[in-house]
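Work through the exercises below with the sequence and the model open beside you. Try each task before you read its solution.

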Amino acid sequence: MSKTIFITGVSSGLGHGLAEYYLAQGHTVLGCSRRQPEIEAGSGEFRFIAGDLSDFESVPALLEDLFDGVENCDLAILNAGILSPFGDMQETSLDDCRRVMDINVWANKIVLDWLLPRFPQMQQVAVISSGAAVNGSRGWNAYSISKAAVNMLTLLYSREGGDTHFCAIAPGLIATHMQDVLCNLPEDERFPTLESLKSRRGTPQMPTGAELAPRMASAIEKARDQVESGAFFDIRKVDWA
């Protein structure tokens, strides 16, 4: 049965991979990102609108335009996010922290507060989190804080009733522009995770968004039966994903 799926951050990476995967399955995908994506629609229908989710005042109107005439939304995947400048917390400006929190956390609240009243029968909301939410590795500063916060945001929305299943998912390493930036940073003994990232680049341990998309889509679907609504899980650490 064809579904209607909303995905944020579809211009590249995992969001782009998921959009093309669902379209190839014949689903309708509604996407938003700052940049126009190059999307193969397959047998599905793709609708897109460009916008900056950190511009909170513009988001409701953006969503009104994107969902114009749409009668239902089965699944929302809140994928858009940014990395803070890598380094110690003491070196990270409050302005950088605020920008990361605005996009990685509060933009999701704006989106959910618009979506949930309009589509109360929505089956599922999947928020893309990160292992950084729980690892506390040095250098990840505001990004780690934002992902820990989005896990709690997901849990709190799940506690507010309704039939929608919520989950926050860590997808593991993905070969994206974010990894390009991190892997090109100079060696620094303070940040051992950088060396780990560089060693996995170009290996199956760091797939592209398109390569990971089928597994992510399967994990999202199975999560409704496998984890309690509001839960966080890492697809690398569950045997059913």
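**Exercise 1: Alanine 223**

Alanine 223 has a relative accessible area of 0%, so this residue is buried. The model is a predicted one.

Task: State where alanine 223 is found and which residues it touches, leaving out those up to four places away in sequence.

Solution.
- Step 1. Find the element: alanine 223 belongs to helix 8, which spans 209-226.
- Step 2. List the contacts: alanine 223 touches Gln124, His165, Cys167, Phe233 and Trp240, when residues up to four places away in sequence are not counted.
- Step 3. Compare sequence and space: alanine 223 and alanine 126 are 97 residues apart along the chain, and their C-alpha atoms are separated by 9.3 Å.

**Exercise 2: Two nonpolar cores**

Task: Identify the residues that touch the most other members of the largest nonpolar core, and the element that gives this core its largest share.

Solution.
- Step 1. Recall the background: in soluble globular proteins, nonpolar side chains tend to be buried together.
- Step 2. Pick out the central members: the largest nonpolar core has 31 residues, and those touching the most other members are Phe6, Leu63, Phe67, Val111, Leu115, Met122 and Val125.
- Step 3. Assign elements: two or more residues each come from strand 2 (28-33), helix 2 (59-66), strand 4 (75-78), helix 3 (94-118), strand 5 (124-128) and helix 5 (141-158).
- Step 4. Find the largest share: helix 3 supplies it, with eight residues.
- Step 5. Take one member as an example: valine 111 touches Phe6, Leu53, Val59, Leu63 and Leu78, not counting residues up to four places away in sequence.
- Step 6. Look for another core: a second, separate one has 29 residues, including Ile169, Ala213, Ala223 and Val227. Alanine 223 from Exercise 1 is thus among the members of this second core.

**Exercise 3: Cysteines without a bond**

Task: Explain why cysteine 32 and cysteine 73 do not form a disulfide.

Solution.
- Step 1. Recall the bond: a disulfide is a covalent bond between the sulfur atoms of two cysteines.
- Step 2. Note the cut-off: the two sulfur atoms must lie within 2.5 Å.
- Step 3. Apply the cut-off: the cysteine sulfur closest to that of cysteine 32 is in cysteine 73, and it is 11 Å away, so the gap is too far for a bond.
- Step 4. Check accessibility: cysteine 32 has 1% relative accessibility and counts as buried, and cysteine 73, at 3%, also counts as buried.
- Step 5. Check the whole structure: a search finds zero disulfides.

**Exercise 4: Two pockets**

Task: Describe the volume and lining of the largest pocket and of the second largest pocket.

Solution.
- Step 1. Give the volumes: the largest pocket holds about 1,300 Å³ of space, and the second largest has about 230 Å³.
- Step 2. Describe the lining of the largest pocket: of its 46 lining residues, Gly81, Leu83, Tyr143, Thr176 and Met178 are the closest to the centre.
- Step 3. Sort that lining by class: 18 residues are nonpolar, 20 are polar and eight are charged.
- Step 4. Turn to the second largest pocket: it is lined by 16 residues, and Lys3, Tyr22, His27, Ala217 and Glu221 lie nearest its centre.
- Step 5. Sort this lining too: seven residues are nonpolar, five polar and four charged.
- Step 6. Name the main contributor: helix 8 gives the largest share of the lining of the second largest pocket, six residues.

Methods:
Residues are numbered from 1 along each chain as its sequence is written. This is a predicted model: local features need pLDDT of at least 70, side-chain atom pairs count only at pLDDT 80 or more; totals for chains, interfaces and linings use all residues. Side-chain values use heavy atoms; hydrogens and water are left out. A nonpolar core is a set of buried Ala, Val, Leu, Ile, Met, Phe, Trp, Tyr and Cys residues joined through side-chain atoms within 4.5 Å. Buried means under 20% relative accessible area, exposed over 50%, partly exposed in between (1.4 Å probe, protein chains only). Contact means heavy atoms within 4.5 Å. On a 1 Å grid over the protein atoms alone, a cavity is a set of points where a 1.4 Å probe fits but cannot get out, and a pocket is an open set with protein on both sides within 12 Å along at least five of seven lines; lining residues have an atom within 4 Å of a point. Ala, Val, Leu, Ile, Met, Phe, Trp, Tyr, Cys and Pro count as nonpolar, Asp, Glu, Lys and Arg as charged, and the others, Gly among them, as polar.
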